[in-house]
Amino acid sequence: MTAPITGVNATRTPLTGWRLWRAWPGNIAALWRRSLRFRTLLVTIGLTVLAVVVACVWMALQIQNDLYTSRQEQVLGDAEQARSAAQRTLDAAVQSEAVQMQSVMTLAFTALRDQSSAQMIAAYRIGPPVANAPQDFSTAEGVIDPLLTPAMREQVRNNPERQIWQPIALPDGDGGTTPGIMVGQQLDIQGVASYELYLAYDLANAPQTLGFVQGTLWIVGIGLVLLISGIAWFVLRSVTTPISEAADTSARLAAGQLDVRLEVRGEDELATLGRSFNAMADSMESQIKELADLSLVQQRFVSDVSHELRTPLTTIRLAADMINDQREEFDPATARAAELLNAQVQRFEVLLTDLLEISRYDAGSVQLELEPTSLAHLAEDVIGSMQQLADQHGSDVRLVAPGGYSPVDMDARRVRRIVRNLLGNAIEHGEARPIVVTVDSNQQAVAIGVRDYGMGMKAGDVEHVFDRFWRADPSRKRTIGGTGLGLSIALGDAKLHGGELAVWSELGRGTNFVLTLPRKAEAALTGQLPIPVDPGDDVGPGLEELGLTEPIELPRPGTGDVDAGGPGGAS
């Protein structure tokens with residue numbers, strides 16, 4: 001039976017803290033990194049908004065220019081029509097008496113008002129006073145004069161056949177102003193005088209029209225953005241949902257749920273992807289089950305063989321011991337053979353013990369026997385037990401313990417085995433240089449580091465140092481009878497405690513192993529570790545820098561934890 005995936009939230013990390021506005025930038029950045037849908041939607045909306053803004057601004061400017069141009073042409077046409085009507089009136093009724101001439105000007109003024117939509121009209125005589133010339137007239141005394149600039153009046157006087165115009169700000173009666181256009185041209189009374197004619201037009205309706213058009217454009221633009229956003233969300237959801245389901249299914253497969261499958265819908269490309277994914281999952285499940293069965297057979301084989309070899313190995317070991325004890329009675333060749341037989345039987349017994357331990361780890365049947373233990377005291381005991389081996393190799397082992405004195409629950413047998421293994425490797429590969437064993441602690445963890453200054457390893461070799469039966473240099477001879485399983489078992493012991501075993505090594509600078517154990521069982525290791533794995537620029541201390549060898553004094557029962565102030569010397 002296969003279980004199709006119907007949800008897409010299993011692999012998503014929920015974002016919290018949206019109620020705090022200060023957390024928004026971080027949450028948005030996290031969404032940008034994690035969510036393809038959010039990133040694509042944000043880019044689509046951003047580009048859509050940019051395009052709509054550019055289009056609306058361009059259209060608004062074009063409409064504004066067209067509106068102003070059309071209004072300007074309308075005003076100039078209206079002014080020309082009114083002037084022509086007034087000029088025809090003047091040409092048809094030219095008289096000689098001043099009173100009658102004033103009446104004709106009044107008729108022309110009436111024609112101007114009737115033929116134009118100007119808000120204000122004014123006429124000013126050009127040149128010196130003339131006896132029978134009509135007087136200047138204006139529909140807004142004292143209002144239109146300040147609006148006329150000297151430059152415009154000069155242009156009107158010098159160009160009798162042209163229209164001169166300029167934008168102005170007309171007072172609206174409420175203390176404000178409205179946009180307008182002032183048009184200037186000439187009126188001529190033949191044989192009498194010429195006049196500057198000015199017509200002021202109000203353009204207040206143009207901004208209103210422009211505001212309405214711009215408002216409509218922005219409303220349409222916002223609606224278009226929302227519409228495109230909705231369409232983009234729908235399209236992205238239809239595309240990214242299968243991708244999210246595939247990612248969720250992949251994560252569950254990686255977590256060991258081999259029966260999960262994608263739900264296939266339709267016949268499109270995504271459906272083809274789903275069917276291919278399910279076929280791949282079926283193949284993986286079949287192969288993993290075959291490998292699991294094979295691994296189980298291998299584990300049982302190793303365990304059964306190891307157990308079956310126990311009895312004959314014990315018999316061989318007893319016989320080898322008896323022969324080795326009587327080797328002085330044999331000839332030299334036979335005595336040497338007895339020694340080699342005894343040594344190899346011992347090594348075979350160690351290898352068999354390690355294989356049994358590995359089989360227990362593979363079967364998941366290893367149990368810890370926790371007891372309060374001082375890591376500093378344990379390290380001193382191990383150093384003492386291996387002092388003879390260190391002397392044989394010419395290595396000076398020093399213990400530096402600023403912390404790690406208070407008892408911590410651990411399986412002392414397994415931790416001691418880890419430390420013995422690390423120290424044995426340091427002695428074997430330390431090339432008779434000083435070996436520093438460091439014990440320290442903090443509030444969360446205790447740690448022990450074994451640092452040698454021997455040949456070291458290449459970066460590629462460090463990655464395989466915990467592999468079973470792996471050796472950095474196969475041509476190098478093991479001098480203390482290792483089986484090649486010690487570091488693999490040590491790593492398993494460390495993980496069984498909830499701790500970690502890490503290594504740093506560099507050619508020419510030596511190797512540093514660090515075992516870190518949590519103070520409380522099943523507690524996660526967080527924050528800064530008591531002993532760093534990378535020693536930095538450490539090039540090797542001189543023996544005089546480590547101080548004299550001093551015994552470690554453990555705290556007496558009831559005196560509390562002395563980790564904060566351990567002995568200052570080295571041991």
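Select tyrosine 124 in this predicted model. Opposite tyrosine 124 stands glutamate 196, in strand β6.

Widen the selection to the strands β2 (residues 120-126) and β6 (residues 193-202). They run antiparallel, joined by 7 bridges.

Now show the whole sheet. It is open, has 5 strands and follows the order β3-β2-β6-β5-β4, with antiparallel pairing. Look at the edges: β3 (137-138) and β4 each have a single partner strand, so one side of each lacks a neighbour in the sheet.

Add helix α2, residues 36-92. It packs on the sheet and touches β4, β5 and β6. The direction of α2 makes about 30° with that of β5. Then add helix α4, residues 150-158. This one lies across β2, β4, β5 and β6, at about 30° to β5.

Go to strand β4, residues 164-171. Which of its side chains are buried? Ile164, Gln166, Ile168 and Leu170 are, and they point to one face. Trp165, Pro167, Ala169 and Pro171 point to the other face and are not buried.

Bring in β5, residues 177-189. β4 and β5 pair in the antiparallel sense over 8 bridges. Pick tryptophan 165: its bridge partner in β5 is valine 183.

Last stop: threonine 89, in helix α2. Threonine 89 is partly exposed, at a relative accessible area of 23%. Display its surroundings. Leaving out residues up to four places away in sequence, threonine 89 touches Val104, Leu107, Ala108 and Ala111. Finish with a distance from threonine 89 to threonine 106: 10.0 Å in space, C-alpha to C-alpha, with the two 17 residues apart in sequence.

How values were computed:
Residues are numbered from 1 along each chain as its sequence is written. This is a predicted model: local features need pLDDT of at least 70, side-chain atom pairs count only at pLDDT 80 or more; totals for chains, interfaces and linings use all residues. Side-chain values use heavy atoms; hydrogens and water are left out. Buried means under 20% relative accessible area, exposed over 50%, partly exposed in between (1.4 Å probe, protein chains only). Helices (H or I, at least four residues) and strands (E, at least two) are DSSP runs, numbered from the N terminus. Two strands pair if DSSP finds at least two bridges between them. Contact means heavy atoms within 4.5 Å. Axes are lines fitted to C-alpha atoms, for helices over the stretch in contact, and angles run from 0 to 180 degrees between N-to-C directions.
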